[in-house]
Amino acid sequence: GNAYPSMAVIDFNTPSTGAYGSGIFLHADIGAPTQGCVSLPLGDLDQVLDWLNPALHPVIVMGPDSVIRSF
């Protein structure tokens, strides 16, 4: 499958600093683990991409419920 029929860049560690990696993307789920990206079923991905407005500085939070609930 193609993980990138549509996608968004998650601004993580840009420019790249240290060993933290960078280039984290929001992309389609192809039924396999990612390399640190966020993947969603294509229909859900398209809904999120329709909703995203970069001018409003959206935030994608990754982590356990205890962290996510603080946003």
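These are legends for a set of close-up views of one predicted model.

**View 1. The whole chain: a predicted fold with 2 helices and 3 strands.** Let's start with the full picture before zooming in. If you walk along the sequence, the protein chain goes β-β-β-α-α. Its C-alpha atoms fill a box of roughly 30 × 25 × 25 Å, taken along the principal axes. How much of the chain is buried? Buried residues make up 17% of the 71 residues. And if you look at contacts between residues at least 6 apart in sequence, 28% of them join residues at least 24 apart.

**View 2. The sheet: 3 strands in the order β1-β2-β3.** This sheet is open, and its pairing is mixed. Which strands sit at the edges? They are β1 (8-10) and β3 (38-40), and each of these pairs on one side only. From one strand to the next, the twist averages 25°. Now look for helix α1 (residues 42-51), which packs on the sheet and touches β1, β2 and β3. The direction of α1 makes about 125° with that of β2.

**View 3. Zooming in on the two strand pairings: β1 with β2 is antiparallel, while β2 with β3 is parallel.** Take β1 and β2 (residues 24-28) to begin with: 3 bridges link this antiparallel pair. You can spot who faces whom here, with Val 9 opposite Phe 25 in β2 and Ile 10 opposite Ile 24 in β2. Then slide over to β2 and β3, which are also joined by 3 bridges. On that side, find Ala 28 standing opposite Leu 40 in β3.

**View 4. Strand β2 and its residue His 27.** Is β2 largely enclosed or largely open? Of its 5 residues, 4 are buried, so the rest of the structure largely encloses this strand. His 27 is a nice one to check, with a relative accessible area of 6%. Because a residue counts as buried when that value is under 20%, His 27 is buried. What does His 27 touch, once residues up to four places away in sequence are left out? Its contacts include Ala 3, Tyr 4, Ser 6 and Met 7, and also Thr 34 and Cys 37. Val 38, Ser 39 and Leu 40 are on the list of His 27 contacts too, along with Leu 45.

**View 5. The largest nonpolar core, 8 residues in all.** In soluble globular proteins, nonpolar side chains tend to be buried together. In this model, the largest such group is made up of Ala 8, Ile 10, Ile 24, Leu 26, Ala 28, Val 38, Leu 45 and Leu 52. Strands β1 and β2 each supply at least two residues of this core. Which element gives the largest share? That would be β2, with 3 residues. Try clicking on Ile 10 to follow its contacts: leaving out residues up to four places away in sequence, Ile 10 touches Ile 24, Phe 25, Leu 26, Val 38 and Ile 60.

**View 6. Two rings meeting edge-to-face: Tyr 4 and Phe 25.** The structure holds 1 aromatic pair, and here it is. The ring centres of Tyr 4 and Phe 25 are 6.0 Å apart, with 90° between the planes. Why does this pair tie together separate parts of the chain? Tyr 4 lies in the segment before β1 and Phe 25 lies in β2, so the pair links parts that are 21 residues apart in sequence. Both partners are partly exposed: the relative accessible area is 42% for Tyr 4 and 24% for Phe 25.

**View 7. A salt bridge between Asp 65 and Arg 69.** Side chains of opposite charge can pair when their charged atoms come close. How many salt bridges does a search of the whole structure find? It finds 1. Here, the closest N and O atoms of Asp 65 and Arg 69 are 3.9 Å apart. A salt bridge needs these atoms within 4 Å, so this pair counts. Are the two residues buried or exposed? Asp 65 is partly exposed, at 48% relative accessibility, whereas Arg 69 is exposed, at 67%.

Technical notes:
Residues numbered from 1 in each chain as written. Predicted model: local features only at pLDDT ≥ 70, side-chain atom pairs only at ≥ 80, totals over all residues. Heavy atoms only, no water. Pairing = 2+ DSSP bridges. Axes fitted to C-alpha atoms, helices over the stretch in contact; angles between N-to-C directions. Contact = heavy atoms within 4.5 Å. Salt bridge = Lys/Arg side-chain N within 4 Å of Asp/Glu carboxyl O. Buried < 20%, exposed > 50% of the residue type's maximum accessible area, 1.4 Å probe, protein only. Phe/Tyr/Trp six-rings, centres within 6.5 Å; stacked < 30°, edge-to-face > 60°. Core = buried A, V, L, I, M, F, W, Y, C linked by side-chain atoms within 4.5 Å.
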